[in-house]
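Colleague: I am new to reading protein models, and I would like to go through this one with you step by step. Could we begin with the surface and then turn to the strands?

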Amino acid sequence: MIVDSLSLCYRNKLILAPMVRVGTLPMRLLALDYGADIVYCEELIDLKMLQCKRVVNEVLSTVDFVAPDDRVVFRTCEREQRRVVFQMGTSDETRALAVAKLVENDVAGIDVNMGCPKEYSTKGGMGAALLSDPDKIEKILSTLVKGTRRPVTCKIRILPSMEDTLSLVKRIERTGIAAIAVHGRKREERPQHPVSCEAIKAIAETLSIPVIANGGSHDHIHEYVDIEDFRQATAASSVMVARGAMWNPSIFLKEGLRPLEEVMQKYIQYAVKYDNHYTNTKYCLCQMLREQLESSQGRLLHAAQSSREICEAFGLGTFYEDTTRERARQAELLAKTPEEPGEPAEDTSGVIQMAVKFERRAYSPQITPKMCLLEWCRREKLAQPVYETVQRPLDRLFCSVVTVADQKYQSTLWAKSKKLAEQAAAIICLRSQGLPEGRLGEESPSLHKRKREAPGQDPGESRTQEAAVPGELCKKPFVALGSGEESPLEG
């Protein structure tokens, strides 16, 4: 996804504020549906983002930024492409620019969090801790403005003195940022303290760039008409809503708030569609239910331990089944190529190959393909499977070859991790032999109970040493498998 060079406008906008654990993709899309003009993601720390790899998720039609442990740190899609602002937590201009360059083609703007007073943000000099270091603020913002193609903004709180606050925002404006969001409370103040509309107004009257007023949910903003009243009270260009939108994102709707049950059902549908982790979905729904958490539906939500159970609690069980079934079908189609329709085909190097990916959700965590293959080898009195895995330097993807009874098996699709590549190789061996592979709903082989694997050990992985030291092959550059020539296979 490439966003064109048109700059995001911050004047006269309704904005979803960045909120930790709340501002994930389902909430952002729901806010856009209900009338928000711009949506901010939750604050994401620079060090965490710099470990991520950008992955195009063809099954979900999203762009994912994936951590080394395969956890999705940031997910976005075309629907919000021109209206999502990426907020980072940072205390270093070099890291900040590296993150901005990583995400700039998939977002509409870049924001630096300088207002969050919580420890998870302030430790390491991030968030509101930056307010006491104007030199660092200037360095970070100037570097971003010069180095990224996206408009740069920041979000601050007011300082103990109005004079110091105005001095700081003038200095910030000179860095060339596109807008500034101001939470009208001091660093030590919390939502129960009154928001200072006067302080935001003084800033708005001092600066020429758009000022975005924030912090009004507790005292001022309870429905749509209150947003405009808050904007006028602060003389701000735009208004950013946090808690009011977290409680009911239809607050952006001109026609008024929609019934909470309807809002929550729409949220759940987005969460399932975009494979949001159930714990995050559950957290956001609890924020919406608030005083209704002790209701029968609230108790069902509290007890839910999966996305399926959340859907069932809200009468969306059929929707969940249909959506996950269609997703699995899409994944299977994408795993096949015209050249590799999924049937075994022995190439000249003697390696049986198929275009197969190991999709975690299609298998039971207790019975993986590697476990099935190992058990079959034991029953047939064959030597245990030997896995040889290489990593491709260009994109850091993995490919594995498993050898069973002197025959090699390999997927033509490259995987995101060594473990996933080995599971794919095991699937190909099992399918070639017509054996069960542990898929959900499949009749599984009887596996002997064994001792629990050591912490961090891949299920089904032998505890005896394989042909090479684990990980040794993965540290080497790409090498040919079998034929001695570079493999043309791509993932």
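Modeller: Accessible areas come from the Shrake-Rupley method with a 1.4 Å probe. Please keep in mind throughout that this is a predicted model.

Colleague: What share of the accessible surface of the protein chain belongs to carbon and sulfur atoms?

Modeller: The accessible surface of the protein chain comes to about 23,200 Å² in total. Of that area, the part that belongs to carbon and sulfur atoms is 49%.

Colleague: Which strands are the edge strands of the open sheet E4-E5-E6?

Modeller: This sheet is built from three strands in the order E4-E5-E6, and their pairing is antiparallel. An edge strand here pairs on one side only, and that description fits strand E4 (53-57) and strand E6 (72-77).

Colleague: Which helix packs on this sheet, touching E5 and E6?

Modeller: Strand E5 (residues 62-66) is joined to E6 by five bridges in the antiparallel sense, and one of the bridge partners is Cys77 in E6, which faces Thr62. The helix that touches both of these strands has a direction that makes about 25° with that of E6. That helix, covering residues 25-33, is H1.

Colleague: Why is strand E15 described as largely enclosed by the rest of the structure?

Modeller: Strand E15 (residues 386-392) pairs in the antiparallel sense with strand E16 (residues 397-404) over seven bridges, and Gln391 has Phe398 as its bridge partner in E16. A residue counts as buried when its relative accessible area is under 20%. E15 is largely enclosed because, of its seven residues, the number buried is five.

Technical notes: Residues numbered from 1 in each chain as written. Predicted model: local features only at pLDDT ≥ 70, side-chain atom pairs only at ≥ 80, totals over all residues. Heavy atoms only, no water. Buried < 20%, exposed > 50% of the residue type's maximum accessible area, 1.4 Å probe, protein only. Helix = DSSP H or I, 4+ residues; strand = E, 2+ residues; numbered from the N terminus. Pairing = 2+ DSSP bridges. Contact = heavy atoms within 4.5 Å. Axes fitted to C-alpha atoms, helices over the stretch in contact; angles between N-to-C directions.
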